[in-house]
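Subject: Structure for your files

Hello,

Here is the structure I promised to pass on. Please keep it with these notes.

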Amino acid sequence: MNILLIDDDVELSQMLSEYLTNESFKVKVVHTGQEGIDEALSGKYKAVILDIMLPDINGIDVLKSIRQSVNLPVIMLTAKGDNIDRVLGLELGADDYVPKPCYPRELLARLRAVLRRIDDQSALGQTELSNKKYEFHSLVLDVPQRLCIWNDVTIELTSTEFNLLALLVKHQDRVVTKEELSEVGLGRARELYDRSVDVHISNIRQKLHQLTKDAVTIETIRAVGYRIR
């Protein structure tokens, strides 16, 4: 499975590449943002690991360029404690993040979680999201086709956003906890102080608002989770 690693830290890149290669991945390493964009848009890769700090183009801008063209899973490498870049990256459509210093085993776990979500056999076979359509008023989520439709208009969602919204629509009669959303939407247990679910939900809200004008929205249930209404 081909993975693209975009990072200007040569020593770290080599270490991560060797580790992932030993885990049966084929890793292509590039050290500049422009090279990263060109490679990401080539259609060769299943996922991208992207550092925020790059010598020519900021990683956030690289992410923007990738997201404008392809829905390729992206994991960001962010400075430890740098919540601004982390949240901004998630708002722009990154699927997950790993803080630096980067531990190979943690990165591997996040990478496998992201890949599980986009793999048809895994994502569509989940017990939480079976192969069917879910409807909420005029909002339709076609799980096998990975389509979200409002009054015959498609709403563009990332893989993570689709999984989160599908879970909310499936359980429209109750509150879905952040723990459930993280397990199904992100493919991992929720961590203390982790705002990933919250940022993805915010992105979904904005997209729903643009088309439904709040006819369908997501309600926050403080200290618990979210409910679609």
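Below is what I found, from the overall fold down to single residues.

The model is predicted, so please read the details with that in mind. The protein has nine helices and twelve strands. Its radius of gyration is 17 Å, close to the 17 Å that the globule rule gives for 229 residues, so the protein is as compact as a globular protein of that length. Along the principal axes, the C-alpha atoms fill a box of roughly 50 × 35 × 30 Å. Buried residues make up 49% of the 229. Of the contacts with a separation of 6 or more, 56% are between residues 24 or more positions apart.

The accessible surface comes to about 11,100 Å², and carbon and sulfur atoms account for 48% of that. There are 29 positive and 35 negative side chains, with the centres of the two sets 5 Å apart.

On the interior: the largest nonpolar core has 28 residues, and Leu 139 and Leu 165 have the most contacts inside it. At least two residues of this core come from each of strands E6 (133-136), E7 (139-142), E8 (147-150) and E12 (225-228), and from each of helices H7 (159-170), H8 (178-186) and H9. Helix H7 gives the largest share, seven residues. Beyond four places in sequence, Leu 139 touches ten residues that can be listed in full: Tyr 134, Cys 148, Ile 149, Trp 150, Ile 155, Leu 165, Val 169, Leu 208, Val 216 and Ile 228. Another core, of 22 residues, lies apart from that one and includes Leu 4, Val 48, Ile 66 and Val 199.

Helix H4 (residues 83-91) has Asp 85, Arg 86, Val 87, Gly 89 and Leu 90 as its buried residues. Among the elements covering them are helices H3 (59-69) and H9 (196-212), along with strands E4 (74-79) and E5 (96-100). Gly 93, just after H4, takes a positive phi of about 110°.

One loop residue is also worth a look. Ala 215 sits between H9 and strand E11 (218-221). Is Ala 215 buried or exposed? Neither: Ala 215 is partly exposed, because its relative accessible area is 43%, and the partly exposed class runs between 20% and 50%. Leaving aside neighbours within four places in sequence, Ala 215 is in contact with Trp 150 and Arg 229. The C-alpha atoms of Ala 215 and Lys 28 are separated by 45 Å, and the two residues are 187 apart along the chain.

Regards

Key:
Residues numbered from 1 in each chain as written. Predicted model: local features only at pLDDT ≥ 70, side-chain atom pairs only at ≥ 80, totals over all residues. Heavy atoms only, no water. Helix = DSSP H or I, 4+ residues; strand = E, 2+ residues; numbered from the N terminus. Rg over C-alpha atoms; globule rule 2.2 N^0.38 Å. Buried < 20%, exposed > 50% of the residue type's maximum accessible area, 1.4 Å probe, protein only. Contact = heavy atoms within 4.5 Å. Areas by Shrake-Rupley, 256 points an atom, 1.4 Å probe, with all protein chains shown as cover. Lys, Arg positive; Asp, Glu negative; His and termini not counted. Charge placed at Lys NZ, Arg CZ, Asp CG, Glu CD. Core = buried A, V, L, I, M, F, W, Y, C linked by side-chain atoms within 4.5 Å.
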